[in-house]
Amino acid sequence: MELNAAVKQDFYVLAVTLAARLNEILLEARKISLEAMNAKALVARGGLEMRTFKPITDYMSLLAKETIAVVSDINEAALHLAHQSLQEMRLRDVMRQISVRLPDIEQAPFGQSVLPSLDALETDVRNQQGALAEKIDHLADLLGSIDQKMRAARVVSATARIEAAVCGGSCEKHFLDVAANLETAARLIRTRVTDCRKQLLTASQ
């Protein structure tokens, strides 16, 4: 992903917006974790009759744990992005001020000796913008990782419904509820991930 020469988006606004969306994702991931714990308790009480649910609940726990970990990584990456954007903005401001005075500098005694420093400054700006683009790509990859996990959650939810029907009896409703709640949480998380991706796209245009 390439950034424009002038980074238009205030990355602090981006970081705050992402943090708000990530908090919602975190809450949904915790719901999945809680749902998995409750389902595990049911499986433990159900004994052999419900043993096929154990890998499902284990995977739900893993999904929730990994999603929470990725959310933490994204928060940290967003903060680094905001910090680096400030450095890039400062360098661009210096370049802009010097550019305005460049004709005078070139005419001044020893003015030519300043030009190599300007080249170095321009290189620094390009490096900072390259680093920002890499950070945005990294954030996009992390969001993609969450999206992939939530696609897996839909498969787990479908499997849970099948197993609920096989178990039948009183446990069927419990596990159908587990499947429905997992599917709802996964859908909400994917919606928030899409919002975050749009914010990143806007920031890079």
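Good morning, colleagues. I begin with D93, which is partly exposed, with a relative accessible area of 33%. Please keep in mind throughout that the model is a predicted one.

What does the side chain of D93 meet? It forms a salt bridge with the side chain of R96, at 2.1 Å from N to O. The partner, R96, is likewise assigned as partly exposed, its relative accessible area being 47%. The two residues are three apart in helix α2, so about one helical turn separates R96 from D93.

I turn now to a second pair, in helix α4. Here the side chains of D177 and K173 meet in a salt bridge, with an N to O distance of 2.9 Å. Both residues belong to helix α4 and stand four residues apart, which is about one turn of the helix. How accessible is each partner? D177 has a relative accessible area of 33% and is partly exposed, whereas K173, at 56% relative accessibility, counts as exposed.

The third pair is D147 and R190. Their side chains meet in a salt bridge at 2.7 Å, N to O. This pair links distant parts of the chain: D147 lies in helix α3, residues 115-167, and R190 lies in helix α4, residues 169-203, with their positions 43 residues apart in the numbering. Is D147 buried or exposed? Its relative accessible area is 7%. The cut-off for buried is under 20%, and D147 is therefore classed as buried.

Let me place these pairs in the wider picture. How many salt bridges does a search of the whole structure find? The count is 16. Some residues are joined in a network of such bridges, namely R21, E24, R192 and D195.

Finally, I would like to return to helix α2, which spans residues 54-107 and contains S85. With a relative accessible area of 2%, S85 is buried. Which backbone oxygen does the side chain of S85 reach? It is that of A82, at 2.6 Å. If residues up to four places away in sequence are set aside, S85 touches F11 and L132.

To summarise, helix α2 holds the R96 and D93 pair, three residues apart, and also the buried S85. Helix α4 holds the D177 and K173 pair, and R190 of helix α4 is linked with D147 of helix α3. Thank you for your attention.

Note on methods: Residues are numbered from 1 along each chain as its sequence is written. This is a predicted model: local features need pLDDT of at least 70, side-chain atom pairs count only at pLDDT 80 or more; totals for chains, interfaces and linings use all residues. Side-chain values use heavy atoms; hydrogens and water are left out. Buried means under 20% relative accessible area, exposed over 50%, partly exposed in between (1.4 Å probe, protein chains only). A polar contact is a pair of N or O atoms within 3.5 Å; within protein, one must be able to donate a hydrogen and the other to accept it, and residues adjacent in sequence count only if both atoms are side-chain atoms. Contact means heavy atoms within 4.5 Å. A salt bridge is a side-chain nitrogen of Lys or Arg within 4 Å of a carboxyl oxygen of Asp or Glu.
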